[in-house]
Amino acid sequence: MNMKEVESIPKADQLMGSIRSIGYTFESAVADVIDNSISAKATHVSVLFPMTPLETMAIAIVDNGLGMSKEQLFEAMRIGSCTVEGERATDDLGRYGMGLKSASLSQCRIVTVVSIQDKKRTAYKWDYNHIQKKKSWMLLELDDVEIDKLPYIEYLQTQGTIVIWQDFDIISKSSAGRVFDSLVKHQQSLAKYLSLIFHRYLSNKTSKKLSININQYELEPLDPFLETNPKTTTKKEKTIALRDSQGVEQYIRVKPFILPFATDLSEKDKKLLGGVDNLRAKQGFYIYRNNRLIIWGTWFGMKPRNELTKNARIRVDIPNSLDDIWSVDIKKQSVTIPEKIQRQLKNTVNEALEISVKKETHRGRKESVDENIDYIWDRLKGRGNNYFYQINRDSKLYQFIREKMTEEDYQYLEMFLTEVEKNFPIQQMYIDKSNDNIQLDNPNERLNDVYQLAVTMIETIRKVRIDDIENIVCDLMCSEPFCNYEELKDKLLNDFKNDH
């Protein structure tokens, strides 16, 4: 049976309206346009905003890339300008042939693209207002006179491309007409977003280094892994082989990182992380496609987020040849982990989380816990797999205080400590810890107080115990809080040998 072919052309105004509603954020839309600049070998990109409310409400993304000929630009402006399955360069950041148009039109009604190649200037415009009027796919071509009237056109020099957004209807509706004020807010959030998304391009030391300006401000790259911090724990990078849809073996690179504690971070470290306000939400996988960050801050359901794992990060690099297998979406904001490698990735996740939990669990104690050290607090196992905490009555500090008390005083002390243990504000401490709002004592500031306490205990011990001062000090150093101050031992030995 021969079926009859009937051409069915989508209605231009309705389909373009649907394209505008794909779901880009302002920041992801700008990043998608910059992807095209990177694919065009640009080394510099400027994102231009109006400086005052009196200027034309327009935004431009201009680059110094290879530019496009008239034929190339016309094809680039076509809706769906390349096949999803078609072969692309390994460093190409596009996929659907939709990014430039869908990202731009998601934010504005008019997008104009001007490109220069071989000193020839070409310009085309998609105007949603015109599409609604004509009910057809009418792309507008601009002549030189019209091009010269465009905002920011002077920033396009001898080669490259400029993308200009105008008529911000969606932003106007959401801001009650205060478009300029809204663009100012977007400008601030965009800087942090681009500094993260393209941080590996911005920090590249080779000829492929990219610089991005927002107006006159040059972006500094963030570093979600603090790779140069000596207290960051890094594990060896693993390679996972996976065949693409053509049967060719491709490689995925996976590397875990465990960040230092927040109290060990310098101001520079905090700036590199983009702030430490919500480290817990930033834990998880960081998926990169050709060095461009796609998605981050998720465990893909492998593990729930919690306080003990908030410093764990797993960097995953995938090539663009695996886009279909990873289900990279049109906005490059979502991926799905292929079932074939989930088990291998889960092993890496478990290993990283084990390290993170161990670091948090032993925080404030030596990594190798000495059975002879008595801590102020005991962690004891209760019913099932639950734990409870109580003050260690065998600690040297507790016993020292106990011996100074009468039996009646001791009963009152026990009464009070029992209530302290039963009314420990676990929930509130957890909330404060999750928000990094716990104030911790500076060890250097406490050193003198701990030293004075040690002196008092040593003097008392020497009155009732005949022993070498070195044995007394060493015995004391096996107890909290003294074991947390290694420099205390030599100071005590020197002072008691010289002064006592």
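## A walk through the predicted model

Leaving aside neighbours within four places in sequence, Ala-312 is in contact with Phe-257, Ile-258, Gln-283, Gly-284, Trp-299, Leu-353 and Ser-356. That's a good spot to start looking around, bearing in mind that this is a predicted model. Ala-312 sits in strand β14, which covers residues 312–318. Its relative accessibility is 0%, so Ala-312 counts as buried, the cut-off for that being under 20%. Now look from Ala-312 over to Leu-156: the two are 156 residues apart along the chain, and their C-alpha atoms are separated by 43 Å.

Let's zoom out to the whole chain. The protein has 18 helices and 16 strands. Its C-alpha trace spans about 100 × 65 × 45 Å along the principal axes. What radius of gyration does the protein have, and what would a compact globule of 500 residues have? The protein comes in at 31 Å, while the globule would be near 23 Å. Of the 500 residues, 45% count as buried. If you take the contacts between residues at least 6 apart in sequence, 67% of them join residues at least 24 apart.

On the outside, the protein exposes about 27800 Å², and carbon and sulfur atoms supply 49% of that area. As for charge, you'll find 71 positive and 74 negative side chains. The centres of those two sets lie 5 Å apart.

Next, the inside. In soluble globular proteins, nonpolar side chains tend to be buried together. Here the largest nonpolar core has 55 residues, and the members that touch the most others are Ile-34, Val-47, Trp-165 and Leu-194. Helix α8, residues 179–197, brings the largest share of this core, with eight residues. Another core lies apart from it, made of 23 residues that include Ile-252, Ile-287, Trp-299 and Ile-341. You have met Trp-299 already, as one of the contacts of Ala-312.

Back in the largest core, try clicking on Val-47. Which residues does Val-47 contact once its neighbours within four places in sequence are left aside? The list runs to Val-30, Ile-34, Ile-59, Ala-60, Ile-61, Leu-190, Leu-194, Asn-213, Ile-214 and Asn-215. Two of these names, Ile-34 and Leu-194, also appear among the core members that touch the most others.

Helix α8 deserves a stop of its own. Val-179 is found in this helix. Val-179 has 13% relative accessibility and therefore counts as buried. Beyond its neighbours within four places in sequence, Val-179 is in contact with Met-57, Phe-168, Ile-171 and Ser-172. Phe-168 is eleven residues away from Val-179 in sequence, and the two are 7.5 Å apart in space, C-alpha to C-alpha.

Helix α2, residues 26–39, holds Ile-38. Is Ile-38 buried or exposed? At 11% relative accessibility, it counts as buried. Ile-38 and Lys-208 are 170 residues apart in sequence, yet their C-alpha atoms are 9.4 Å apart in space.

Now for some backbone oddities. Most residues other than glycine have a negative phi, and most peptide bonds are trans. Lys-135 has a positive phi of about 60° although it is not a glycine. You'll find Lys-135 in the loop between α5 (128–134) and β5 (140–141). Its relative accessible area is 52%, so Lys-135 is exposed, for which the cut-off is over 50%. Asn-291 is another residue other than glycine with a positive phi, near 70°. Its place is in the loop between β12 (284–289) and β13 (292–298). Asn-291 counts as partly exposed, at 33% relative accessibility.

The last stop is the loop between α17 (469–476) and α18 (487–499), where Pro-481 is found. Which peptide bond here is cis? The bond from Glu-480 to Pro-481 is, with omega near 5°. Ser-479 lies in the loop between α17 and α18 as well. With a relative accessible area of 0%, Ser-479 is buried. If you don't count residues up to four places away in sequence, Ser-479 touches Asp-374, Lys-396 and Leu-397.

Methods. Residues numbered from 1 in each chain as written. Predicted model: local features only at pLDDT ≥ 70, side-chain atom pairs only at ≥ 80, totals over all residues. Heavy atoms only, no water. Helix = DSSP H or I, 4+ residues; strand = E, 2+ residues; numbered from the N terminus. Rg over C-alpha atoms; globule rule 2.2 N^0.38 Å. Buried < 20%, exposed > 50% of the residue type's maximum accessible area, 1.4 Å probe, protein only. Contact = heavy atoms within 4.5 Å. Areas by Shrake-Rupley, 256 points an atom, 1.4 Å probe, with all protein chains shown as cover. Lys, Arg positive; Asp, Glu negative; His and termini not counted. Charge placed at Lys NZ, Arg CZ, Asp CG, Glu CD. Core = buried A, V, L, I, M, F, W, Y, C linked by side-chain atoms within 4.5 Å.
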